[in-house]
Each structure stands twice: as structure tokens, then as C-alpha cells.
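I wanted a quick look at this one before going back to the bench. Here are my notes, in the order I checked things.

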Amino acid sequence: MRFDVVTLFPEQFRILSGAGVIARALGRDIATLAIWNPRDFASDAQRTVDDRPYGGGPGMVMKVEPLRAAIDSARAAAVRAGCTSRVAYLSPQGHRLTQADMVRIAAAPGWILLTGRYEGVDERLIETQVDEEWSIGDYVLSGGELAAMVVMDAVIRLLPGALGHADSAAQDSYGDGLLDCPHYTRPELVDGLGVPAVLLSGDHAAIERWRHQQALGRTWQRRPDLLRARGLTADEQALLDEFMRGRGGTAVEREPRT
Ligand code: 9WO
């Protein structure tokens, strides 16, 4: 899969090729990354990429022409590489991405990721050049670059061969619509806290059942919205009932009620 990133800050993306799963995937050409700086496509001597907002107000707006020229070059390079890439703009106004979106994004041959700075980009660039607008969460960053890198990380690790072990992406938190179960490693005693006995039993069926029950229970406690959206099989409802009887508690509210 191919990513073309349009950014005023190309050096930020070097972090991706440093170390870890994403660096390895890029090194092995499971994913490729090309960077396009709109400043290189500005036509004036000052290489201007921004201007004052019509209507007044603080800050600056990214101009259409350098962005459009950068996107055009990215598109042409993608086509030469055999990719028909769509354009996505990272912004707080976008569709809030979920793991299901990451799976869909990973199925495309490539994406051109447009990252803004200042107060944003001229709306007419979004209207004419952008296919999708994505948000990674309801907060404002100082630019779209970190959001683009978050998407790339979430997507590239889903690509075949990106992770060492065959099916670990499927076992993720959210892979089956549930939060992850708790994990433990040595030593067996930490600050007086032991390890759930079943994990030491060697009974793999019992361990699988416990992990599934913990995943259901934690999702019920922390993210009941996910559980309602997903639904439960009869077996899962029985596992959750047992969990609820065991804890006897009510769902932990992690977000204040509005
Ligand atoms: C900056 C600003 C300054 C003064 C008054 C209003 C203002 N709005 C903004 C602003 O929203 N800037 C954005 C910075 C412009 C587009 C790129 N930026 C961005 C992307 N911030 N946060 C994101 C983002 C992207 C994806 N998911 C979450 C956040």
C-alpha cells in the first residue's frame, strides 16, 4: 500500500522510519511513503503557502494553488506506481475514525493524506480535491501531521506481513469489537498482587474462556456503548452474566454524563 503525504513539515515523518513495526513495514516495502511539500510548489519568490482569511480574524489560511499542485504531483506519482489513490484531509471536522474504518482504509491501494497547518485550508480546495475528511478524535492539534501518522500506524500494522505473528492484528483490542483482556508476565508476585490462577493452570480452553469473559466484562464496565453496538451471542451473554455476578458491580463511568 502506498501513502503520499502532503505536508509543510516533511521532517516530522522521519519518526515513522526510525524503529518498530511501521519502520520495518516501510523497510520491507509492505507500505511505501512519499512526501510532498506544498512550499516546493509555490510559484512566487517567497514560496508563499498561506494568506490572510477573507472576512478577517486571527491567523492564516493555506492557499489553494500550492496545495493543488502538490496533490497533482502526488497523484501522478501514485498513478506511475500503479496506484489510484484517493485524497483524505485530516481535520477535527472529519468523520471520526474507528478500527472498522482502519480496515477499510487498509484495503485501498493507496491514499494521499493532506495535512493542514495554521487555521486550516481554503474550503474550495477541500470541495474540489478532497474525497474524505478524517478525524482521529475530538480535540484540536497544531496540525494534521500527527493525525496522519496515527492513521498510518493503525493501517500499516493491519497489512499482511507487517506484524511478526500471523493473526495478532485479529486478536487486537477492537479486532472482535471488544476491549482487550488483562495481561500478566513474570514475576508471579508484584507488590503483593498475584496472577489469576487460571493463567497458571495450563488449561488452554479455560484460559481462552477466561480471557473472553474478561474482554466482555471490561467492555461492559468501560465502554457499554461498544457492547450495545456489537450485540452478544447467547454464550457471551452467559459469560457476561457470570462476570457481573462475580463483580456484583455497576459499569464504571469513565466519561462524565452530559
Ligand atoms: C487553529 C486555530 C487558531 C485560532 C483560531 C481557530 C483555529 N482553528 C485552528 C485549527 O483548527 N487548526 C487546524 C490545525 C487546521 C487543520 C489542521 N489542524 C489540525 C488537524 N488540528 N487538529 C487536527 C486533527 C486532525 C485529525 N483528527 C483530530 C485533529
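Below is what I looked up, starting with the overall layout and then moving to the ligand.

**Layout.** I am working from a predicted model. I started with the domain split and got two pieces: domain 1 covers 2–156, and domain 2 covers 171–258. I then checked how far apart they sit, and their centres, taken over C-alpha atoms, are separated by 37 Å.

**Where the ligand sits.** Next I asked myself which pocket the ligand sits in. It turned out to be the second largest pocket.

**The shell.** I counted 18 residues around the ligand. The ones that come nearest are Tyr89, Tyr118, Glu119, Ile136 and Leu141. Sorting the shell by class, I got ten nonpolar, seven polar and one charged. I also wanted to know which strand supplies the largest share of the shell. That is strand 5, with four residues. Strand 5 spans 86–96, and strand 7 (132–135) also supplies at least two shell residues.

**Backbone contacts.** I went through the polar contacts to the ligand's nitrogen atoms one by one. For isoleucine 136, a backbone N or O atom lies 2.9 Å from a ligand nitrogen. For leucine 141, I again found a backbone N or O atom 2.9 Å from a nitrogen of the ligand. For tyrosine 118, the distance from a backbone N or O atom to a ligand nitrogen is 3.1 Å. I then looked at how well the ligand is covered: taken alone it exposes 600 Å², and the protein buries 76% of that.

**Back to tyrosine 118.** I gave this residue a second look for its backbone. Its phi is near 55 degrees, which is a positive value in a residue other than glycine. I placed tyrosine 118 in the loop between strand 6 (110–115) and helix 4 (123–129).

**A cis bond.** Last, I checked the peptide bond from arginine 186 to proline 187, and it is cis, with omega near 5 degrees. Where does proline 187 fall? I found it in the loop between helix 5 (145–156) and helix 6 (204–222).

Technical notes
Residues numbered from 1 in each chain as written. Predicted model: local features only at pLDDT ≥ 70, side-chain atom pairs only at ≥ 80, totals over all residues. Heavy atoms only, no water. Near = heavy atom within 4 Å. Polar contact = N/O pair within 3.5 Å; in protein donor to acceptor, adjacent residues only side chain to side chain. Areas by Shrake-Rupley, 256 points an atom, 1.4 Å probe, with all protein chains shown as cover. 1 Å grid on protein atoms, 1.4 Å probe; cavity = no way out; pocket = protein on both sides within 12 Å on 5 of 7 lines; lining within 4 Å. Sits in = over half its atoms within 2 Å of the grid points. Nonpolar A, V, L, I, M, F, W, Y, C, P; charged D, E, K, R; others polar. Domains from an automatic or database assignment.
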